[in-house]
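Got the viewer open? Let's take a walk through some aromatic rings and see who sits beside whom.

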Amino acid sequence: MELIRGLHNLRDRHRGCVATIGNFDGVHLGHRKVLAQVKAKAAALGLPSVAIIFEPQPREFFGGDSVPPRLTRFDEKVRLLAAEGVDRVLCLTFNARLRQMSAAEFVDELLLKGLAVQHFVVGDDFRFGCDRKGDFNMLIEAGKRHGFSVEHTATFMLDGDRVSSTRIRQALLNKDFALAERLLGWRYAVTGRVMHGQKLGRQLGVPTANVRMHRYPCPLRGVFAVHALLGGERLQSVCNVGMRPTVNGRQPVLEVHLLNYSGEEIYGRLMRVEFLHFIRDERAFDGIDALKTQIETDIDHVRAWFDQAARD
């Protein structure tokens, strides 16, 4: 799969394709349905398939800290899109220039001059352009004038409701990891590099691997039983996601204590953390000693959960 960063990196060889556009946060079952439409049409026309995404996502550009947390960060999203067999991903930088682009400019610069789209798959409620005058009907009319066809996206339903990123976030908020996995089509996880932290866990006798969160927080908070995937190993672990109020933390962190691990140094290595079971909410404790006692209790609870899961 080819990743194209920005309109300015489009070349003549990128012209002529079947495309769709969206945030694709989570690349869930609904997104996969859309991508299947795109790939099927691309195969029928003998053209490459293209998924157009934004970085940052438009709601992040407009909403700042008030926007909901992402299900997938950029690199994970691209990996999932590649796994779905998309030929190309075009990532548009959502900035002031793109925000000010009119609906007519969007069609002219992106669909016609940039990609020479032959078939475009979008939701029938899709709106675009700084004046929000661009809609599905406008695309239909533009297609008639310029020789491309437009198709609305298929809706994927599960248990009577539409599969959406919002529904998945709600499942995670409810700590319903089984439902989140059914909607996503993959076990919810956070992937990142292990970085150096304050070494507080090591001082408490429970060393932790801090996974870099960048600027996008995890949609979960609290303590969890997790699998930490490190290289070819799947390690039973305890994970804390939150602000660490007992030590006056100022930024959300994701910390993983690997149970029964005595391997090599892991700083700088890529770790994937799969969430399995909720243990407790994050809260402040009356000092480090109380925190240490609770951490030991959390570890006991996680070990007991893994033991029970192995018996079930």
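Before the first click, one bit of vocabulary: a charge sits over a ring if NZ of Lys or CZ of Arg is within 6 Å of the ring centre and within 35 degrees of the ring normal. Keep in mind, too, that this is a predicted model.

Start by selecting Lys 175 and Phe 278. The charged end of Lys 175 lies over the Phe 278 ring, 4.8 Å from the ring centre.

Stay on Phe 278 and widen the selection. Which residues share a cluster with Phe 278 through ring pairs? Add Phe 177, Trp 186, Tyr 188, Phe 224 and Phe 275, and you have the cluster.

Now zoom out: the whole structure holds 14 aromatic pairs. For one of them, pick Phe 54 and Phe 94, an edge-to-face pair with 5.9 Å from centre to centre and 80 degrees between the planes. Trace the chain between the two and you'll find they are 40 residues apart, so this pair links distant parts of the chain. Phe 54 belongs to strand β3 (residues 49-55), while Phe 94 is in the loop between β4 (88-93) and α4 (96-100). Buried or exposed? Phe 54 is buried, at 11% relative accessible area, and Phe 94 is buried with a relative accessibility of 11%.

Last stop: select Phe 61 and Phe 62. Their ring centres are 5.3 Å apart and the planes meet at 90 degrees, so this pair is edge-to-face. Switch on the surface here: Phe 61 is partly exposed at 31% relative accessible area, and Phe 62 is partly exposed at 49%.

Technical notes. Residues numbered from 1 in each chain as written. Predicted model: local features only at pLDDT ≥ 70, side-chain atom pairs only at ≥ 80, totals over all residues. Heavy atoms only, no water. Phe/Tyr/Trp six-rings, centres within 6.5 Å; stacked < 30°, edge-to-face > 60°. Helix = DSSP H or I, 4+ residues; strand = E, 2+ residues; numbered from the N terminus. Buried < 20%, exposed > 50% of the residue type's maximum accessible area, 1.4 Å probe, protein only.
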